[in-house]
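Here are my comments on the model, set out as numbered points for your consideration.

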Amino acid sequence: MVSSEGEEDSAEEFETNAVSRRSALRGSVCRRCVSKLSPNKQRDVLQKKVALRIGKMFTSSVLLLLLPLISAQTYHWGPCRNPKVQPNFDLHRYLGRWYEIEKLPAFFERGKCIQANYALRRDGTIQVLNSQVRKDKREYKEGTAIIPDSRDPAKLGVSFSYFTPYSPYWVLTTDYDNISIVYSCTDILHIFHVDYAWILARTPYLGAEMMNFAVKLLMDEKIDITRMTPIDQSCMI
């Protein structure tokens, strides 16, 4: 049977009113439940509601502030991955100069001819001296690397400021003489994470066989490399 237009409007109006009645009933029941509680319990319930709303507002505000920063990065929902790292990592063999061959987007690296030089300090920390060429001038930035857990020496932490925590610098694999594959991940409020990955070499250029090896390893670890880009290493400075 086909209903008339007036009957359809009446049915929709009835359903809308029914939904409103149910919502109002739930609200009144909830208010009646709270009103039966002791003053202390009522205060606790109110504080929890306020805290929940503030938490939601804070999370939304932080996400809005971070949006311009992460928009150019490689981010995914959920926690960071936990890829396998280099077994029996030898820091002393790893020290020295490495050239960036390819990388995932990083807001702190926008130049070309990017290099990283690692040296051991007297206090046991590692000096990190990164450089890149921008506007025909080589810029340098010094940081510090540490090994937080001696049982996992391939999982380093790097910081470029006294006021920032150490970011992960995980050496997934290296032969020390030719290639290194590095992964880092930043967790944002346990809601999503930002991936960083670098393919490094001891020389400004890396052969096709080793590049294929690096790409396969990253893919096997389920690291998204669709936005990975090559680094221009043709600078003379």
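The points below take up confidence, the aromatic pairs and one acidic residue.

1. This is a predicted model, in which local features need pLDDT of at least 70, side-chain atom pairs count only at pLDDT 80 or more, and totals for chains, interfaces and linings use all residues. Residues are numbered from 1 along each chain as its sequence is written, and side-chain values use heavy atoms, with hydrogens and water left out.

2. The average pLDDT (the predictor's confidence in each residue, from 0 to 100) is 80 for the protein, and 69% of the residues score at least 70. Over residues 18–29 the pLDDT is below 50, and this stretch has two contacts (heavy atoms within 4.5 Å) beyond near neighbours in sequence. Where pLDDT is low, the predicted coordinates should not be read in detail.

3. Seven aromatic pairs (ring centres of Phe, Tyr and Trp, the last by its six-membered ring, within 6.5 Å; planes under 30 degrees apart stacked, over 60 edge-to-face, the rest tilted) are found in the whole structure. The rings of tyrosine 118 and tyrosine 169 have centres 5.8 Å apart and planes at 70°, so this pair is edge-to-face.

4. Tyrosine 118 is buried (under 20% relative accessible area, with exposed over 50% and partly exposed in between; 1.4 Å probe, protein chains only) at 9% relative accessibility, and tyrosine 169 is buried at 10%.

5. The side chain of aspartate 195 makes a polar contact (N or O atoms within 3.5 Å, one able to donate a hydrogen and the other to accept it; residues adjacent in sequence count only if both atoms are side-chain atoms) with the side chain of tyrosine 183, at 2.5 Å.
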